[in-house]
Amino acid sequence: MQNFSEYLRSKEVSDDLMSVLETLEESVKQISCSIIGGHCCKNAGSVNSSGEEQIALDLQSDEIITNEISKNSYIGLIASEEKPGEERVGRGEFAVCYDPLDGSSLVDVNLAVGSIFGIYKAESFIGVRGDDQLASMIAVYGPRTTILLTVKSGVVEFSLNKDGEFELVRDDLKVESGKMFAPGNLRACAFREDYKKLLAFWCENQYTLRYSGGMVPDVNQIILKGKGVFSYPAYEETPEGKLRLLFECAPMALLMEEAGGKASDGRVRILEKEVSYVHERTPVFLGSKEEVERCDEYLG
Ligand code: AHG
């Protein structure tokens, strides 16, 4: 079974990009240890730049990634969902954006959470498009710690084994068709007849509900089961939705498209959207082509 580095070598990933990805792999191992340790579930008593409450584990995960990145001279720029803006960290060409711990409100109830990473070569994140990513990956901290990775050559899954190594467990993951839905922001149904109608379509057509409250495990599930749709639309109280284009939606969209699925904001491909500020939010629909096209048709 190939490990993380062996896989990257087999895909002829350049040495510098490989080094960047190995840095992120190491961060994921450390975050996984922190979560299993379980010492950091208390409220940190602070809020992040978007005013959301941070728990100690959010901050610790952010510190782990920032610290690992500081050791890698190929990385010159970072942006974290836990930090107010982008930060120059060196002269390296690579730019890494990340959500260190997505779904952190699920930690205290022991549901799965995750990290999200997008990798670019850029001087600034302002003006990049998701299509500019060289690679993206998500880590899921559940009963197992796993990674879904794309280096723009399909999507593969790694699982952390008992020796502390990520080993390749599934490759060439594909999202085709199938009736499964993960409907976020159902509050919007109180204001949007179109979302209510889409919800009715899913229910009347006997779709299976699989929603955890964490975008990472929800999208991870769609890619691994090879079917379904995740939705997080906007409505007047949250006119751009909740999820961040740079930290969450663009890396997920790259994984989804590399698996043969689609990702849209209801009108435009997520990967075509230019980032105008690092904490920019966007409505998002991710999943099989058929299901995302249905979202566009009902909600676009
Ligand atoms: P957070 O990291 O603040 O817990 O947010 C998680 C995200 C995403 O993972 C999930 O799909 C979405 O928020 C759910 O949001 P709401 O439950 O607030 O609608």
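Start at the ligand and select Gly-103: a polar backbone atom of this residue is 2.7 Å from an oxygen atom of the ligand. Keep in mind that this is a predicted model.

**Stop 1: around the ligand**

Select Tyr-232 next. An N or O atom in its side chain is 2.8 Å from an oxygen atom of the ligand. Now add Lys-242. Here too an N or O atom of the side chain is 2.8 Å from a ligand oxygen. Then show the whole surroundings: 13 residues surround the ligand. Asp-102, Gly-103, Met-215, Tyr-232 and Lys-242 are the closest.

**Stop 2: the sheet of 5 strands**

Select residues 229–232, strand β13, and residues 284–287, strand β15. These two run antiparallel and are joined by 4 bridges. Pick Ser-231 and look across to β15: its bridge partner there is Phe-285. Now bring in the rest of this open sheet. Its order is β12-β11-β13-β15-β14, with mixed pairing. Which strands stand at the edges? They are β12 (208–209) and β14 (262–264). Each has a single partner strand, so one side of each is left without a neighbour in the sheet. Add helix α6, which packs on this sheet and touches β14 and β15. The direction of α6 makes about 25° with that of β15.

**Stop 3: two helices side by side**

Keep α6 (residues 245–258) and add α5 (residues 215–225). Their axes come within 11 Å and cross at roughly 10°. The two helices are therefore roughly parallel to each other. Show the side chains between them. From α5 come Met-215, Val-216, Val-219, Ile-222 and Ile-223. They meet Glu-248, Cys-249, Met-252, Leu-255 and Met-256 in α6. This contact has 9 nonpolar residues, no polar ones and 1 charged. Met-215 was also at the previous ligand stop, among the closest residues.

**Stop 4: the sheet of 8 strands**

Move to the other open sheet, where 8 strands follow the order β4-β3-β5-β6-β7-β8-β9-β10 and the pairing is mixed. Its edge strands are β4 (87–88) and β10 (166–170), each paired on one side only. At the β4 end, select β3 (residues 75–80): 2 bridges join β3 to β4, and the two run antiparallel. Leu-77 stands opposite Arg-88 in β4.

**Stop 5: helices on that sheet**

Select residues 15–37, helix α2. This helix packs on the sheet, touching β3, β5, β6, β7, β8, β9 and β10. Its direction makes about 15° with that of β7 (135–141). Finish with helix α3, residues 56–70. It lies across β3, β5 and β6, and runs at about 160° to β5.

Definitions and conventions
Residues numbered from 1 in each chain as written. Predicted model: local features only at pLDDT ≥ 70, side-chain atom pairs only at ≥ 80, totals over all residues. Heavy atoms only, no water. Pairing = 2+ DSSP bridges. Contact = heavy atoms within 4.5 Å. Axes fitted to C-alpha atoms, helices over the stretch in contact; angles between N-to-C directions. Parallel < 35°, antiparallel > 145°, perpendicular 65-115°, else oblique. Nonpolar A, V, L, I, M, F, W, Y, C, P; charged D, E, K, R; others polar. Near = heavy atom within 4 Å. Polar contact = N/O pair within 3.5 Å; in protein donor to acceptor, adjacent residues only side chain to side chain.
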